[in-house]
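Biologist: Could you walk me through this model? I have a few questions ready.

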Amino acid sequence: MRILYYDCFAGISGDMNLGAMVDLGVDAGYLKSELAKLNIHGFELKLEKATRRGITGTLATIEIDDHHDHDDHHHRHLRHIHQIVNESSLSESVKTTALKIFQFIAEAEAKVHNIDIQKVHFHEVGALDSIADIVGAAICLDYLKVDKVQSSAIQLGGGMVKCAHGIMPVPAPATALIVENIPVKTGLVQHEATTPTGAAILAATVDEFTENITLPITKTAYGIGQRDVSDVPNVLRVYLLEDKQAIEDVLLENSIVLECNIDDMNPERYEFLLDQLFENGASDAWLTPIIMKKSRPANMVSVLCAVDKAGIMKAILFEHSTTLGIREKQVLKNMLRRQEKTIETAFGKVRLKECFYKGKSLRFKPEYDDCKTLAIKHNVSISVIETAVLKGMQNGN
C-alpha cells in the first residue's frame, strides 16, 4: 500500500501543495503539459528550489499575465469552471477530483454570502492562479497513484487577513466552513496559514485525518510557501508511506556498470566475449549498436555486475576484446523478490521463476530450456507447454 501523508504543521495553500507534489516526485514537465490541456491562457507555472528557515524544498509560483485575464477572472461562476474543466482533454479522474475541490469552495462562499451557489463570484477560485492550483492538485494526485491520502490536523494560523471583502479574521469565513468536522490547530503564526484553496484540496482528497503514521516513510518532500515572515518555517511537508511487505519485495543492491566502445573487432568474437562474462558472474551483458567518429559503425559493450565482480569483468573485457579503456559507474539495482519453483504439467516438470510485489505474486516466467526440451520430446509447440504451465499455476501446483 502507498499512502500520501500531509503534515500540515504550518498550513497549506494551493501553490505550496504543487511545490510539495513536484518535490515528492511528480514530473514537472508532465504537470505543465497536463495543465496546458485546460486550453486557457494567461498563466505560467514556475518551479524553483527555495529555503525557509533552513528547510529546502520546491517553490511553485503561478505567474499571471494580467493582459489575458484582467477582464474576466472576477466574473467566473461555477458553471464557467465546469465548462473549462469538462471541455479540456484531461482524464475523467482528474476532472472529477478538480470539480470536487471547486465544489467545496463554491458551497462555502455561497453559505458565507447567503446566495445561490451558481451566483458566487469566484474571487478565490475564479482567478487563474487558483484554477491552476486546483486542477494541478488533481493532476498530481492522479500521477502519484496512491492507495490512500492521510493528513495531520491543519494549522490555520491566526490574526487578520485582507481579502476581496475587506479585513477578515483568520481563518477566513470560507476556510472555516470548509474545515468543519476536520481536525485543526490555530495560533501558531499570526497570518493565514491555510487558504480556502488549500483547505478544499484536503477536504476533497484526504481519506483520513490522523496524527499516527503507521507505515514506513519512504520519501519526504517540502512545498515552500511564498511568505517568509515568522520563525516557523512556512513549508508544507508531505510523506510517501509504503507498507513493509512492499519494501521487502523490492531488494536494493549496489552494482557496477562497465561500458566500452569497440569499432575494430571481428563481430564473431562478441559471442565468446559475452559467454565469458556470463560464465564468470555477470548479472547481465549486452551490445548496443552505435556510430562513432568518422561515421564508423561500432558496438558499445555493457556489463552489469556485483561490486565484487567488477575486477574479473574488467579483466575479461581487456583480454577478450580490443577495447583500450572501460567506463565504470556505480548504480543501485531495484529488484523484485523472486522465487524459483517447479511445476508438474501433463508433459513433465518445468522450472519457473515467480516474482512478488506488495506481498502478491506479480508474474512468472517458465524456464525456456525446459519448455524447449518438452516440446521436442512430445512434438508440440513451445506455446502448448507454456499453456500447460499456466494451467498448473492456476491449479496451485
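Biologist: Is S302 buried or exposed?

Modeller: First, this is a predicted model, where local features need pLDDT of at least 70, side-chain atom pairs count only at pLDDT 80 or more, and totals for chains, interfaces and linings use all residues. Residues are numbered from 1 along each chain as its sequence is written, and side-chain values use heavy atoms, leaving out hydrogens and water. Buried means under 20% relative accessible area, exposed over 50%, partly exposed in between (1.4 Å probe, protein chains only). S302 has 1% relative accessibility, so S302 is buried.

Biologist: Thanks! Which residues does S302 touch, not counting those up to four places away in sequence?

Modeller: S302 sits in strand β14, residues 297–306 (strands are DSSP E runs of at least two residues, helices H or I runs of at least four, numbered from the N terminus). With contact meaning heavy atoms within 4.5 Å, its partners are L258, E259, D284, A285 and W286.

Biologist: Which helix gives the most to the largest nonpolar core?

Modeller: A nonpolar core is a set of buried Ala, Val, Leu, Ile, Met, Phe, Trp, Tyr and Cys residues joined through side-chain atoms within 4.5 Å. The largest has 59 residues, and V238 is among those with the most contacts inside it. With ten residues, the top contributor is helix α6.

Biologist: And at what angle do the axes of α12 and α13 cross?

Modeller: Axes are lines fitted to C-alpha atoms, for helices over the stretch in contact, and angles run from 0 to 180 degrees between N-to-C directions. The axes of α12 (residues 368–378) and α13 (residues 382–394) come within 8 Å, and their crossing angle is roughly 115°.
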